[in-house]
Amino acid sequence: MLKFKSLLPGISAASLILIILGSALIAIWRFALQSGNVAIYLDSYVLHIVWITFYQALLSTILSLTSAILMAKALSLIEFKGKRLLIKLMPITFILPALVVVTGLLSVYGQQGVLAYLCQLLHIPFSFSIYGLKGILLAHVFLNFPYACALFYQTLNSVPIEQRQLAAQLNFSTFTFFKLLEWPLLRRQILPMAALIFMLCFSSFAIVLALGGGPKYTTLEVAIYQAVRDFDLLQAALLACVQLLCCVAFIGLMQKINKTGTKFSVTFSDTNYRLPTANWLKVICMFVIIIGGLFIFSPMITILIQGIFFFRTSLLTFMLLQALLFSIVIAFGSAMIAMLLGLLLLWTNSRLLINQQHQLSNCLMLIASFILAIPSMVLASGLFLLLFGYSNNTVFICLLIMLCNGLIALPFILKNLAMPLYDITARYWQLTQSLNIKGVAHFYLVDFKGLKSKMLMSFAFAAVLSLGDFGVIALFGGQSVATLPYYLYQQISHYHYQESIVTATILLLLSFSLLVVMDYDRTSKN
Amino acid sequence: MFCKNFLLSVIFSLSLFSQLANAELPTLTVYSYNSFMSQWGPGEVIKKGFEAQCNCHLDVVTLGDGVSVLNRIRLEGDKTNADVILGLDNNLLEQAKQANLLIPHQIAKPDNLNTNWWDDSFMPYDFGYFAFIYNIDKVKNPPHSLHELVDNKAGWKIIYQDPRTSTPGLGLLFWMKKVYGDNAADAWQQVAKNTVTVTKGWSEAYGMFLKGEADLVLSYNTSPVAHIMNENDHHYQAAIFDEGHYRQVEVAGIIKYSQEIDLARQFLRYLLTPEVQRQFAEKNVMYPIIKTDIPNAFAQINSVNKSLDFKPEEIEKHQKAWIREWQSAISK
């Protein structure tokens, strides 16, 4: 039986999101209509951009997912020192400011990068150019594949031990094992993940411009940014709707294909059981992991090395420390907001799924990821129009940034926790119903106790994701709330390029330590 | 959680306190771009200097770049707090005029202007020229004209900024139009052959150039000054072109909704004093608008012989069409 009470948390969270986004968009429409600035144009160039945006996003998604599955499978097949750390640190590529991603990728694949240097040492002519479609794809895979991989790895590991043992008895080959046991679990994750990555790539902006090699490859987001700058607000709002529509259509399609009908009984056993792996397969896995690891970490390691090289204590200024502090406060605040909204939504979502209400559950998940499809400039302008009376208040700006960053992190929290939370709720459903455990008690006794480490990890992840700042700051005034990425751009714009690498290193180290400390699992045995 | 609340409340009470402390003094609010008030920008010194003489409180609100500043005031309309807008340039000026946001500043044109530019609504405070920067170790024989760069027999690799998203990019668009006129589309196609990439903003482009991704990057002819002053690095130079260089003038103006017009005018006058002008030269790395004593590094860079620009009205009229022309020329 579905009770209204169990719907309430999710519905209130979802409506909060809808109200924020909707009122921002409506504020822009209203302002544009009032000011009589009603230039709208949907020329062939816009249509061309929509197609290019769609095309590159689709390719990026497919590539990211394929490599993520490959790497996750390889990781699940062999055991080695430092594996936990590797998986923990992987998603870090997600949070880097565009500028750092570009710098990192260029120090590896650029004309004077590590790769070019190696080729020179080995007397191989280096003719690889990172610019163009392949640059965009490279950057998008670099950004998205590690996150997907970390999540898929967890999924692969959640195959119940009984099934593993049975498979070993039946002498399953690795392929059969994957097909019969792992694939059904993985399938639940792949399509939602595809939707998420697609959206991120669809609205990608600075990276696409920097590595795209010219306006031949640009995204709709660029056109929206341009419209906001030209003050064609109606056009901006219109394009934002086009973008939203494209993303919603894609997600809808994914949800249509993705039928999450089957129920799983996942056991929570601490002992691990591993199927024997053939030696030749181990070699291949090792190879895949080394390539993947190098792909993820070499750009960051080059940044770290440069940062240490350029480091001087004189760079530790008061402004830098202040930026660091602001970054941490905002990161924790946003993670808190994201976690709260996420748990409210998932609470309802689990109960919807238990009652076989897949349509409604899909809807709920869709609403929660809307924010990724709305261009930040449009959201910022809309929120500004609504709230500019408060724009001089530092605390208020802080809260607003937290809210926006929290909303951005929300879809990721949902991705991380939706399935585990559903599984655990379903597992204890009969028991909790009969014992009349409800509300906060249910959350504490079942959800929190069962998924503590997963929740902490998601929290850390959301915090790291929010270390970067959001476009909102551009219109609300910057100097009062200067975060680390903001400080970094300031340094570059004053020609302090080397110092900016040090700031990037600090940002990286901060994210590293957040992920390691928060994810430190005290109960684990290794 | 407690820590966060505590911190926020401390910040909040501090800001409240500072507002109370200045309650009896009149406040002048200036809207400007981010880098004006940053650690390395001229803002802090200017603020202190002006407050020492005006018996007032100067509040500087900084927002993204010049376009963000203008758009914010447009969004605020007559409810704006801004008294002075500082940081628009000659290419944005007509948009600001058409939005009808300003009143004439009524400051007489000084005799010792460094460049011939004056306007009734906007007062210039510094200027510079767009130019391509190269590393003298890598490019031994730099181009001497825009035509040479466009024809590109040497195969120089170029990075520039997107005119849709950045000021220097827009500057190059006008520069090309000024030199090539109706043939600009062909010239752009020619440029596209040797373009490494077109970035969102100046920071990305310049960072990529410093990483060695290109031979020439679009920036300002004063960029080498920054390298000399910051790290005593003499490896970077601006390529000086025979056709001349497109000029960027940074301007400030008085918002018509201001309640403190006299104070605002006093502030604009203050911007023209030698000590402030030197601040702009040193920290904005631009030429001061009036003849004044500037850092030595300026004497060590290549100077521009001829300046080019379009009239603001022409820009307003054609900008969108020219951007579309660029877009379609290089998307082919």
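# Exercises on a two-chain model

To warm up: A:Arg229 has a relative accessible area of 8% and so counts as buried, where buried means under 20% relative accessible area, exposed over 50% and partly exposed in between (1.4 Å probe, protein chains only). You are working with a predicted model, in which local features need pLDDT of at least 70, side-chain atom pairs count only at pLDDT 80 or more, and totals for chains, interfaces and linings use all residues. Residues are numbered from 1 along each chain as its sequence is written, chains are lettered from A and ligands numbered from 1 in the order in which they are written, and side-chain values use heavy atoms, with hydrogens and water left out.

## Exercise 1: A pair between chains

Task: find the salt-bridge partner of A:Arg229 and say where both residues lie.

Solution.
Step 1. Start with the rule: a salt bridge is a side-chain nitrogen of Lys or Arg within 4 Å of a carboxyl oxygen of Asp or Glu.
Step 2. The side chain of A:Arg229 meets that of B:Asp65, with N to O at 3.0 Å.
Step 3. Now place the pair, which crosses between chains: A:Arg229 is in helix H10 (residues 220–229) of chain A, and B:Asp65 is in the loop between strand S2 (57–62) and helix H4 (66–76) of chain B. Helices (H or I, at least four residues) and strands (E, at least two) are DSSP runs, numbered from the N terminus.
Step 4. Compare the covers: A:Arg229 is buried at 8%, whereas B:Asp65 is partly exposed because its relative accessibility is 23%.

## Exercise 2: The interface

Task: describe the interface of chain A and chain B by its contacts, buried area and salt bridges.

Solution.
Step 1. Count the residues: 68 of chain A are in contact with 64 of chain B, contact being heavy atoms within 4.5 Å.
Step 2. Turn to area: the two chains bury about 5800 Å² between them, with 62% of it on carbon and sulfur atoms. Buried area is the accessible area (1.4 Å probe) that two parts lose on being put together, summed over both.
Step 3. Look again at the area: A:Arg229, A:His494 and A:Tyr495 supply 15% of what chain A buries against chain B, more than any other three residues.
Step 4. Add the charges: the rule finds two salt bridges across this interface. One is the A:Arg229 and B:Asp65 pair from before, and another joins B:Lys320 to A:Asp232 (3.1 Å, N to O).

## Exercise 3: Two domains in chain B

Task: give the domains of chain B and describe how they meet.

Solution.
Step 1. Domain 1 covers 27–127 + 249–299, and domain 2 covers 129–247 + 304–331; these bounds come from an automatic or database domain assignment.
Step 2. Their contact takes 19 residues from domain 1 and 18 residues from domain 2.
Step 3. Taken over C-alpha atoms, the domain centres are 26 Å apart.
Step 4. The two domains bury about 1700 Å² between them, 59% of it on carbon and sulfur atoms. Between them there are zero salt bridges.

## Exercise 4: Salt bridges inside chain B

Task: describe where the partners B:Lys177 and B:Glu325 lie, then do likewise for B:Glu282 and B:Arg278.

Solution.
Step 1. B:Lys177 and B:Glu325 meet at 3.0 Å, N to O. This pair links distant parts of the chain, 148 residues apart: B:Lys177 is in helix H7 (residues 167–180) and B:Glu325 in helix H13 (residues 312–331).
Step 2. B:Lys177 is buried because its relative accessible area is 10%, while B:Glu325, at 21%, is partly exposed.
Step 3. The closest N and O atoms of B:Glu282 and B:Arg278 are 3.1 Å apart. Both residues lie in helix H12 (residues 274–284), four residues apart, about one turn of the helix.
Step 4. Widen the view: B:Arg278, B:Glu282 and B:Asp293 are linked in a network of salt bridges.

## Exercise 5: Two residues in chain A

Task: decide whether A:Ser458 and A:Ala27 are buried or exposed, and list what they touch.

Solution.
Step 1. A:Ser458 lies in helix H19 (residues 439–465) and is buried because its relative accessibility is 1%.
Step 2. Not counting residues up to four places away in sequence, A:Ser458 touches A:Met339, A:Ile413, A:Asn416 and A:Leu417.
Step 3. A:Ala27 is in helix H1 (residues 4–34) and is buried too, at 13%.
Step 4. Under that sequence limit, A:Ala27 touches A:Gly382, A:Leu385 and A:Leu386.
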